[in-house]
Amino acid sequence: MGNTFMFLLMALNTALSTKEDLKTTNQQTNIHHINVERQRTEVDSLYDEMNLSPILKYEAFRQAMEGRKELSMHNRDIMTVIDFSLASTEKRLVVLDLANKKVLFNTLVSHGKNSGENYATNFSNQQESLKSSLGFFVTENTYNGENGYSLVLNGLEEGINDNAKARYVVMHGADYCSTGTISSLGRLGKSYGCPAVPREYAAPIINTIKDGTLLFIYADNQEYLAKTHLIHQPNVLMAQFSRQQRLENTDEG
């Protein structure tokens with residue numbers, strides 16, 4: 001009888017201890033969740049206020065804004081983001097007016113012929129590679145050349161895109177960047193490494209972003225992230241929180 005009583009007492013103590021441990025764990029989890037919510041940033045708010053989720057991935061926008069903080073440019077209000085993680089059949093170029101919180105352009109853009117077919121997956125800073133380069137550029141002057149009205153792009157990241165001017169990587173209009181080409185080939189035509197835009201949008205876009213605005217080319221590319229000094233990765237919890245916020249906002253819409 002005595003042994004049975006002791007066994008029951010020990011079992012009760014174990015159950016109570018387990019319950020207390022679970023309670024403590026739940027409290028810690030709740031506290032941790034509150035701390036994550038407090039890390040919501042101005043970038044998160046701006047992304048939501050501009051209603052960018054239908055046209056621009058949050059991570060592409062976050063990385064663009066992260067680099068923007070580190071760089072100096074003549075016109076900080078206008079920013080262009082190209083998302084090469086998307087298929088060429090999608091509108092991968094977005095021009096933003098950050099000061100007035102407006103989307104100015106959202107259209108097609110071609111990648112380099114050796115970067116891939118419908119998707120751009122290979123990137124280079126090398127001469128004659130005929131590939132697109134990733135990262136941050138500042139726009140410079142315009143000129144009329146073989147491809148018509150064009151915009152000089154100066155690559156700002158050493159070893160990543162700083163050969164852009166030497167490679168004549170510029171923004172220009174192209175007939176192969178069109179819905180007609182998509183209908184014929186199932187993808188856009190390809191450039192020699194330039195971000196080519198639809199012919200009808202070339203002048204309006206170039207005139208909007210010329211003379212010292214930021215252009216960021218994104219591709220969810222781990223090699224780029226390992227090399228760049230301009231982008232800092234958020235902690236895992238913050239990334240999960242941001243993704244959850246995006247999903248919640250989508251559900252509410």
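This short talk walks through one helix, a few loop residues, a buried glycine and the open and closed spaces of a single structure. Please keep in mind that what we are looking at is a predicted model.

Let me begin with helix α2, which covers residues 42-49. Which residues of this helix are buried? They are Val43, Asp44, Leu46 and Tyr47, and these four cover an arc of only 165° around the axis, which puts them on the same side of α2. If the spacing of those numbers puzzles you, recall that an α-helix has 3.6 residues a turn, so residues three or four places apart point the same way.

The two ends of α2 also deserve a moment. At the start of the helix, a side-chain oxygen of threonine 41 comes to within 3.3 Å of the backbone nitrogen of valine 43, and valine 43 is, as I said, one of the buried residues of α2. Just after the helix we meet asparagine 51, whose phi is positive, about 50°, although asparagine 51 is not a glycine. This asparagine sits in the loop that runs between α2 and α3, the latter being residues 58-70.

Lysine 101 is another residue with a positive phi, here about 55°, and again the residue is not a glycine. Where does lysine 101 lie? You will find it in the loop between β2, residues 93-97, and β3, residues 102-107. Is lysine 101 buried, exposed or partly exposed? With a relative accessibility of 41%, lysine 101 counts as partly exposed, because that category takes in what falls between under 20% and over 50%.

Moving along the chain, histidine 111 belongs to the loop between β3 and β4, and at 1% relative accessibility this histidine counts as buried. What does its side chain reach? A polar atom of the histidine 111 side chain lies 3.1 Å from the backbone oxygen of glycine 116, and the side chain also reaches the backbone oxygen of glutamate 117, at 2.9 Å.

Glycine 67, for its part, is in helix α3 and counts as buried, since its relative accessibility is 0%. Its C-alpha atom is 9.0 Å from that of glycine 135, although the two glycines are 68 residues apart along the chain.

Now to the spaces. A search of the whole structure finds one cavity of 30 Å³ or more, and the volume of the largest cavity is about 50 Å³. Its lining includes Phe84, Phe137, Leu153, Val169 and Ile217, and by class that lining has six nonpolar residues, three polar ones and no charged residues.

The second largest pocket holds about 310 Å³ of space. Of its 18 lining residues, Arg167, Tyr168, Val169, Tyr192 and Cys194 lie nearest the centre, while β4 (135-145) and β6 (170-174) each supply at least two residues of the lining. How does this lining divide by class? There are eight nonpolar, seven polar and three charged residues. Notice that Val169 appears here and also among the residues that line the largest cavity.

Since Cys194 has come up, let me close with the cysteines. Cysteine 194 is buried, with a relative accessible area of 8%, and cysteine 177 is buried as well, at 1%. How many disulfides are there? The count comes to zero, where a disulfide would need a pair of cysteine sulfur atoms within 2.5 Å.

Technical notes:
Residues numbered from 1 in each chain as written. Predicted model: local features only at pLDDT ≥ 70, side-chain atom pairs only at ≥ 80, totals over all residues. Heavy atoms only, no water. 1 Å grid on protein atoms, 1.4 Å probe; cavity = no way out; pocket = protein on both sides within 12 Å on 5 of 7 lines; lining within 4 Å. Points joined across faces, edges and corners; volume = space filled by probe spheres on them. Nonpolar A, V, L, I, M, F, W, Y, C, P; charged D, E, K, R; others polar. Buried < 20%, exposed > 50% of the residue type's maximum accessible area, 1.4 Å probe, protein only. Arc of directions from axis to C-beta. Polar contact = N/O pair within 3.5 Å; in protein donor to acceptor, adjacent residues only side chain to side chain.
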